[in-house]
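Trainee: May I go through this structure with you, one topic at a time? I should like to begin with a single residue and then widen the view.

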Amino acid sequence: MEKRIADLEERVAKLEAAAGTAAFLKEQLQLLEVRKRRVEMRITDPEARQRILVALEKQVQILQQLKAGQLRMCVACEEKEATLELDDGKFICETCAQIQGELAP
Ligand SMILES: [Zn+2]
């Protein structure tokens, strides 16, 4: 259950960040820092705490990469990191590239 929430949060963070400005990213990073501190204070189970902190840290890394312009989101699904550049200069993820390849004649 927590894993699913963490995955969802990660997706939302990616989507939001992809659409966001530098100011928005800065705000999100600050928010994540607050949430990390809150988790550290409130969650006493070390295993659960570690799991949540790792998930939050992952979001921080994604946001920092986006902020630095090192990460591009897929223009097709807008969910995954785009690793492939198309002929028209757009970037898509491998999953979408495969789907498009399968649909191509
Ligand atoms: Zn995609």
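Trainee: Where does R72 lie?
Mentor: R72 is in the loop between α3 (46-67) and β1 (84-85). Helices (H or I, at least four residues) and strands (E, at least two) are DSSP runs, numbered from the N terminus. Residues are numbered from 1 along each chain as its sequence is written. This is a predicted model, in which local features need pLDDT of at least 70 and side-chain atom pairs count only at pLDDT 80 or more, while totals for chains, interfaces and linings use all residues.

Trainee: Is R72 buried or exposed?
Mentor: R72 is partly exposed, because 18 other C-beta atoms lie within 10 Å. A residue is buried if 20 or more other C-beta atoms lie within 10 Å of its own, exposed if 12 or fewer, and partly exposed in between, with C-beta atoms placed from the backbone.

Trainee: And which residues is R72 in contact with, leaving aside neighbours within four places in sequence?
Mentor: They are E81, A82 and F91. Two residues are in contact if their C-beta atoms, placed from the backbone, lie within 7 Å.

Trainee: What other residues of that loop can we discuss?
Mentor: E78 and G69. E78 lies in the loop between α3 and β1, and G69 lies there too.

Trainee: Why is G69 counted as exposed?
Mentor: G69 is exposed because it has 8 C-beta neighbours inside 10 Å. E78 has 15 C-beta neighbours inside 10 Å, so E78 counts as partly exposed.

Trainee: What is the phi of E78 near?
Mentor: Phi of E78 is near 55 degrees, a positive value in a residue other than glycine. Most residues other than glycine have a negative phi.

Trainee: Changing topic: how is the chain divided into domains?
Mentor: Domain 1 covers 1-71 and domain 2 covers 72-105; such bounds come from an automatic or database domain assignment. The centres of the two domains, taken over C-alpha atoms, are separated by 25 Å.

Trainee: How many residues are in contact across the two domains?
Mentor: Five residues of domain 1 are in contact with five residues of domain 2. On the side of domain 1 that touches domain 2, three residues are nonpolar, none is polar and two are charged. Here Ala, Val, Leu, Ile, Met, Phe, Trp, Tyr, Cys and Pro count as nonpolar, Asp, Glu, Lys and Arg as charged, and the others, Gly among them, as polar.

Trainee: Which residues make up the largest nonpolar core?
Mentor: That core has six residues: M73, C74, A82, I92, C93 and C96. A nonpolar core is a set of buried Ala, Val, Leu, Ile, Met, Phe, Trp, Tyr and Cys residues joined through C-beta atoms within 7 Å. Leaving aside neighbours within four places in sequence, I92 is in contact with C74, V75, A76, A82, L84, L86 and A97. Over the chain, 15% of the 105 residues count as buried.

Trainee: What about the overall fold?
Mentor: The chain has four helices and two strands, in the pattern α-α-α-β-β-α along the sequence. Its C-alpha atoms fill a box of roughly 55 × 30 × 15 Å along the principal axes.

Trainee: Last topic: which element has the lowest mean pLDDT?
Mentor: Helix α1 (residues 2-19) has the lowest, at 74, and α3 the highest, at 91. The mean pLDDT of the chain is 85, with 91% of its residues at 70 or more; pLDDT is the predictor's confidence in each residue, from 0 to 100.
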